[in-house]
Amino acid sequence: MSIDFDTLQIPKEPFFTKNHEWLTIEENLITLGITSYVTEKIGEVLYVDLPEEGQKISIQNAFAEIESARHVIDLVG
């Protein structure tokens, strides 16, 4: 599935997923984060594996990984 960002209507407030991720989009910059609920559950973050700049991601596929002492979490598009 391909998304046409030129015609996509994005709200100014963060968009939250059911997996406790959030994102904001400003022009061609996407800022992604996790909620405080997840942060409390996973503890200290040790490593974050993100896609390369310009890499395309697919909806419903893992595109990044957060590793803590307790958990490894996949971020899904």
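The exercises below, each with a worked solution, concern a predicted model of one protein chain.

**Exercise 1. Confidence**

State the mean pLDDT of the protein chain, and find which elements have the lowest and the highest mean values.

Solution. Begin with the chain: its mean pLDDT is 81, and 83% of the residues reach 70 or more. Then turn to the elements. Strand 1, residues 15–16, has the lowest mean at 80, while strand 4 has the highest at 93.

**Exercise 2. The sheet of strands 1, 2 and 3**

Determine the strand order of this open sheet, and explain why strand 1 and strand 3 are its edges.

Solution. The 3 strands are arranged in the order 1-2-3 with antiparallel pairing. Strand 1 and strand 3 (29–34) each have a single partner strand, so one side of each lacks a neighbour in the sheet. Next, take one pairing in detail. Strand 2 (residues 21–26) runs antiparallel to strand 3, with 6 bridges between them. Within the sheet, Glu-21 stands opposite Ile-34 of strand 3.

**Exercise 3. Thr-35**

Locate Thr-35, decide whether Thr-35 is buried or exposed, and list its contacts beyond four places in sequence.

Solution. First, the location: Thr-35 lies in the loop that joins strand 3 to helix 1. Second, the accessibility: the cut-off for buried is under 20% relative accessible area. Thr-35 has a relative accessibility of 14%, and therefore counts as buried. Third, the contacts: with neighbours within four places in sequence set aside, Thr-35 is in contact with Phe-16, His-20 and Trp-22.

**Exercise 4. The sheet of strands 4, 5 and 6**

Describe the order, edges and twist of this open sheet, and name the bridge partner of Asp-49 in strand 5.

Solution. The order of the 3 strands is 4-5-6, and they pair in the antiparallel sense. The edges are strand 4 (45–49) and strand 6 (72–76); each has a single partner strand, so one side of each is left without a neighbour in the sheet. From one strand to the next, the twist averages 20°. Strand 4 pairs with strand 5 (residues 62–68) over 4 bridges, in the antiparallel sense. For Asp-49, the bridge partner in strand 5 is Glu-65.

**Exercise 5. The nonpolar core**

List the residues of the largest nonpolar core, and find which element gives the most to this core.

Solution. Start with the members: the largest nonpolar core has 6 residues, namely Val-38, Ile-42, Phe-63, Ala-64, Ile-66 and Leu-75. Then assign them to elements. Helix 1 (36–42) and strand 5 are the elements that give two or more residues to this core. Strand 5 gives the most, with 3 residues.

Technical notes. Residues are numbered from 1 along each chain as its sequence is written. This is a predicted model: local features need pLDDT of at least 70, side-chain atom pairs count only at pLDDT 80 or more; totals for chains, interfaces and linings use all residues. Side-chain values use heavy atoms; hydrogens and water are left out. Two strands pair if DSSP finds at least two bridges between them. Axes are lines fitted to C-alpha atoms, for helices over the stretch in contact, and angles run from 0 to 180 degrees between N-to-C directions. pLDDT is the predictor's confidence in each residue, from 0 to 100. A nonpolar core is a set of buried Ala, Val, Leu, Ile, Met, Phe, Trp, Tyr and Cys residues joined through side-chain atoms within 4.5 Å. Buried means under 20% relative accessible area, exposed over 50%, partly exposed in between (1.4 Å probe, protein chains only). Contact means heavy atoms within 4.5 Å.
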